Amino acid sequence: MLSSGGLLLLSAAAGYWVLERADSHKGDLRRVGKVVGWVVIVSSLIGLACRVWAVSTGAAGCPMAICPFKKTSSQ
């Protein structure tokens, strides 16, 4: 089974696939496909950065880990 980091990388690859598929279309469908693809890629990479941050600070096993992208902390 994939870890959470692996799933995030897989979703980023899926976002790239959506971008590639959007290039073959025209008009609004192409524009929407590109927006959806970029949103998936960016959100996956932000999630992966948060995961790497949690692992590097040793808070990966803690359910209340502090993520630099969250507004609130566990303290």
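A residue counts as buried when its relative accessible area is under 20%. Keep that cut-off in mind as you look through these views of a predicted model.

**View 1. The whole protein, built with two helices and zero strands.**
Start with the overall picture. Of the 75 residues of the protein, 19% count as buried. The accessible surface comes to about 5700 Å², and carbon and sulfur atoms make up 68% of that surface. Now think about which parts of the chain touch each other. Among contacts with a separation of 6 or more, 32% are between residues 24 or more positions apart. The two helices to look for are α1, residues 4–22, and α2, residues 27–57.

**View 2. Helix α2 from end to end.**
How far apart should the ends of α2 be? The helix has 31 residues, and at 1.5 Å a residue it should span 45 Å. Its end C-alpha atoms are indeed 45 Å apart, so the expected span and the model agree. Just after the helix comes Gly58, a residue with a positive phi, near 85°.

**View 3. The buried residues of α2 and what they pack against.**
Which residues of α2 are buried? They are Gly33, Gly37, Ile41, Ser44, Leu48, Cys50 and Ala54. Follow them along the helix and you will find them packing against α1. A handy rule helps when reading such a list: an α-helix has 3.6 residues a turn, so residues three or four places apart point the same way.

**View 4. Ser44, a buried residue that reaches Ser11.**
Ser44 sits in helix α2. Is Ser44 buried or exposed? Its relative accessibility is 4%, so Ser44 counts as buried. The side chain of Ser44 makes a polar contact with the side chain of Ser11, at 2.5 Å. Setting aside neighbours within four places in sequence, Ser44 is in contact with Leu8, Ser11 and Ala12.

Leu8 also appears in another pairing, this time with Gly47. Gly47 belongs to helix α2 too, and it is partly exposed, with a relative accessible area of 24%. The C-alpha atoms of Gly47 and Leu8 are separated by 7.0 Å, although the two residues are 39 residues apart along the chain.

**View 5. Ala22 in helix α1 and its contacts.**
Ala22 has a relative accessible area of 4%, and therefore it is buried. Which residues does Ala22 touch, once neighbours within four places in sequence are left aside? The contacts are Arg30, Gly33 and Lys34. Gly33 is one of the buried residues of α2. Another residue on that buried list is Gly37. The C-alpha atoms of Ala22 and Gly37 are separated by 8.4 Å, and the residues are 15 apart along the chain.

**View 6. Asp23 and its two salt-bridge partners, Arg30 and Lys34.**
Side chains of opposite charge can pair when their charged atoms come close. The protein has three salt bridges by the rule used here. In one of them, the side chains of Arg30 and Asp23 meet at 3.7 Å, N to O. In another, Lys34 pairs with Asp23, and their closest N and O atoms are 3.2 Å apart. The Lys34 and Asp23 pair links distant parts of the chain: Lys34 is in helix α2, while Asp23 is in the loop between α1 and α2, 11 residues away.

How accessible are these residues? Arg30 is partly exposed at 35% relative accessibility, Asp23 is partly exposed at 36%, and Lys34 is partly exposed at 32%.

**View 7. A salt bridge within α2, between Arg31 and Asp28.**
Here the side chains of Arg31 and Asp28 meet at 2.7 Å, N to O. Both residues lie in helix α2, three residues apart, which is about one turn of the helix. Arg31 and Asp28 are both exposed. Looking back at the previous view, salt bridges that share partners join Asp23, Arg30 and Lys34 into one network.

**View 8. A nonpolar patch on the surface.**
Which residues form this patch? Trp38, Val42 and Ile46 do, and together they have about 300 Å² of accessible area. Ile46 is found in helix α2. With a relative accessible area of 40%, Ile46 is partly exposed.

Technical notes: Residues are numbered from 1 along each chain as its sequence is written. This is a predicted model: local features need pLDDT of at least 70, side-chain atom pairs count only at pLDDT 80 or more; totals for chains, interfaces and linings use all residues. Side-chain values use heavy atoms; hydrogens and water are left out. Patches are made of residues with over 30% relative accessible area and no salt bridge: like charges are joined within 9 Å, nonpolar side chains (Val, Leu, Ile, Met, Phe, Trp, Tyr) within 5 Å. Accessible areas come from the Shrake-Rupley method with a 1.4 Å probe; for residues, only the protein chains shown count as cover. A salt bridge is a side-chain nitrogen of Lys or Arg within 4 Å of a carboxyl oxygen of Asp or Glu. Helices (H or I, at least four residues) and strands (E, at least two) are DSSP runs, numbered from the N terminus. Buried means under 20% relative accessible area, exposed over 50%, partly exposed in between (1.4 Å probe, protein chains only). The expected span of a helix is 1.5 Å times one less than its number of residues. Contact means heavy atoms within 4.5 Å. A polar contact is a pair of N or O atoms within 3.5 Å; within protein, one must be able to donate a hydrogen and the other to accept it, and residues adjacent in sequence count only if both atoms are side-chain atoms.
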